[in-house]
Amino acid sequence: MLAFFLVLICAFLYPGTIDKTKAILSGRKGPKIYQFIFDAWRLLKKGSVYSNSSSFVFQISASVNFACVLTAFLLIPFAGEPSFFSFDGDFVFMLYLLGLGRFILVVAALDVSSGFEGMGANREVLYNALLEPAFFLLMGTLCIFTGHTNFHDIFLSIYENEHIASVIVVITISILILFMFLLIENSRIPTDDPNTHLELTMVHEVMVLDHSGFDLGLIKLTSAFKFAVFGSLICNLVIPGHLALYYKIPLFMVFQFMLAISIGVFESFKPRNKMARNPQYIISISAIAAVLYIVIIIIKSNVV
Amino acid sequence: MEKLLETKNNLPVRISDIPVVPYSKFFEVITFLLRSQDFHILTYLAYPTSEGLKFICAIADDQNKSISIISHLIPAGSPLKVYSMMPKYDVFHSFEREIHEKYGVEFADNHFLKPIRFSHDMKIQGMDKITDYPFYKIETDELHEIGVGPIHAGIIEPGHFRFLCNGEKVLHLEVQLGWQHRGIETLFLEKKKLIQRATLAEQIAGDSAVGHALAYSQAIESLAGLKIREKLNYERVIALEIERIGMHIFDLSNLCTGAAYQLGNAALGVLRTPTINFLQTWCGNRFAKGLIRPGGTNYPFTRDLQEKLLSYLDDLEERYTVIADKMLNLSDIILRFQQIGTLTRKQVYMIGAVGTTAKMAGLKRDTRWSHPFAGYHEIHHDPVVFDTGDIYARIQVRHYEILQSIKYLRRITEIMNYQNSVPAPIKDEEIRLAKNCMTISVTEGWRGEIVHSAITDDEGNISYYKIKDPSQHNWWALALSLRNLEISDFPINNKSYNLSYCGHDL
């Protein structure tokens, strides 16, 4: 319960913090950190306009996508505090909830039959297909390492390993993988650019070109929530579960905040990849995860 | 080649002196000259006379710094049908399309005889609206078409791009322009006053107001036989070079945006503002509208302005070199821009590319060097030429031109004599244009050469005025560089050329 609300608060502050960081680094003042809340509220108050060539699939897409991510929220624990519900293999459920949300968006993009949106859907599906192994290899590693198969137990017991060096290695590399994963999953630089106005280079943004008003508001909320989901996973790795609650809550917020700032910094100084380089870049994340996986198997099975 | 009439930039010639030859000879002479890369077409126009339709072709000789003119006449009543020069040199396609559209001349063998800008007096049957444009089509299930524009996201001008794609790969891009057609050339004849025409010239392409206004002013001055004082010529160089710096920096900043490189975008964007603000301090307009006028200027360049300019240049150079070095050496930027949108020297030569577009692929086309005008005789300009022909080469040409311009500005302010006065713009009643003459005025705007040609009648009134913006040919460079490229690379390619829609559409 606590986890849910903490993650929710972070979600609302994520986009603003990133924008503010980028603005300051480019010498501008930038909008307020909580500007996103007003923007989302303004959009949610509006009605939606639907194209004549679209069907019900398009109309439900934003809501279904939002519902999927919101459900995924319920699975995220908070540093030892339990999540709403937790079961063995819940991380598979979480990733495919996000997958379902993406599927409905892709179908909606094809539904409006615009030349641009089909192109964007094509790219998004390709990238996510390549990205998926990274997450499961990482979770597999953590399962083997801790001996548990759900989020709550994994995060609670990850620091209980007596082999402190391997704990540090696992956590550092996991954070790296999750960070890169988060950037791609949320369509940020270097694979995509959320600020571009050029349809031909967009990946995620072009898929939602036809969404307007309330639906667009939901899409914006969804992407903010996704940040918080993956940001929370990273924070869960960093914060040991056995700390007292009055340490954990501020630590959690501080780490989330730092994560948002580091995304802003990363985006300020890094240009975007050439589109053809993206698959290579994404596969390299899976490769890192695979190496970690093999190393942990070797350590665990005492082969060496 | 005794058939040609030789002249220079801004040197009027009598129409009767231009040799009139049969079309076969006309064709032969032009195609013979163009075999050498030292020659290129400045302008190719047709205009109606009492005897019939007269074709005039002006070819620039870059080595001898001269212009050769030759003409051909289709007598009134004869069929308007000739064979096309396009199969030999692609550069003719837009000229021939223009003549075809205006006078209904048929060019046999020109397979691209489509309307170019949908003028109101169009003589092509069955294509009344711009939406009737006949695009290339491929009948297959394998490929797909993507149409972009004419209304775009962001703040660019209208133009339609039609891509034929195989997945992400572009097989063919067709650029359809004409949405901005305002009839500038017709207006040039309707509006008789100098000030009206000067204002029109500034509107041809709003971002090269100095280049076009200067070309126009020089055309008028040469026809009127005005001698321009040295100081005024230097002032014009200053204005043109500041415009060049401003626009090149703007392009580099936009390219950074295209690559989502925020630091470059912000740092370069900040530098553009003081550049064009200097023009505002000088003449009250950030794009130097109202600064260049025939015969003189209302805004003389004073000592005070010189000091301001020099301190601004110092500041600019210091800040610009820091960010430019950072950007040009950043591995991600190099990866993003190198070997994308590559054109060969042959390609840019065939399409008659000018300015930055020619220089980035190894073709030395710079009229500041080949046909010096205004104060450029003193500068001994040496064009920046790169031969890789990709986006990175376009960036490098811009980068080194900025540094060059800073150098030239310092030089000019140094040699200028501030004691001398400059005259006010000439008034309509004070000048009389030479009768039955033609003049070709060439300037080097930041995009490339701008050619204005004026022809006067028996009374000394301008009876025909032709404008050639550098974009007219350079648009084809964009279309060619997109071939076999990923469609997502289109925006940065487009930005790397930054061509003018309204300059093309007139």
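Which helix of chain B lies across β11 and β12 of chain B? That is helix α5 (residues 209-224) of chain B, running at about 150 degrees to β11(B). The axes here are lines fitted to C-alpha atoms, for helices over the stretch in contact, and angles run from 0 to 180 degrees between N-to-C directions. Helices (H or I, at least four residues) and strands (E, at least two) are DSSP runs, numbered from the N terminus.

A word on the ground rules. This is a predicted model, in which local features need pLDDT of at least 70 and side-chain atom pairs count only at pLDDT 80 or more, while totals for chains, interfaces and linings use all residues. Residues are numbered from 1 along each chain as its sequence is written, and chains are lettered from A and ligands numbered from 1 in the order in which they are written.

**The sheet under the helix**

Strands β11 and β12 belong to an open sheet of four strands in chain B, ordered β2-β11-β12-β13 with antiparallel pairing. Two strands pair if DSSP finds at least two bridges between them. β2 and β13 (462-468) of chain B are the edge strands, each pairing on one side only. Between β11 (residues 437-444) and β12 (residues 449-456) of chain B there are seven bridges; one of the bridged pairs is T443(B) with I450(B) of β12(B).

**Two domains and a neighbouring chain**

An automatic or database domain assignment splits out domain 1 (5-116) and domain 2 (184-505) in chain B. Their C-alpha centres lie 26 Å apart. Residues are in contact if their C-beta atoms, placed from the backbone, lie within 7 Å. On that basis, 24 residues of domain 1 of chain B touch 28 residues of domain 2 of chain B. On the domain 1 side, β2 (13-14), β3 (39-48) and β4 (52-61) of chain B each give two or more residues, and β3(B) provides the largest share, six residues.

Chain B also meets chain A, with 21 residues of chain B in contact with 21 residues of chain A. β8 (144-148), α7 (262-283), α9 (331-337) and α15 (490-497) of chain B each supply at least two residues of the chain B side.

Here is the make-up of both sides, counting Ala, Val, Leu, Ile, Met, Phe, Trp, Tyr, Cys and Pro as nonpolar, Asp, Glu, Lys and Arg as charged, and the others, Gly among them, as polar.

| Side | Nonpolar | Polar | Charged |
|---|---|---|---|
| Domain 1 of chain B, touching domain 2 of chain B | 13 residues | seven residues | four residues |
| Chain B, touching chain A | 14 residues | four residues | three residues |

Technical notes. Two residues are in contact if their C-beta atoms, placed from the backbone, lie within 7 Å.
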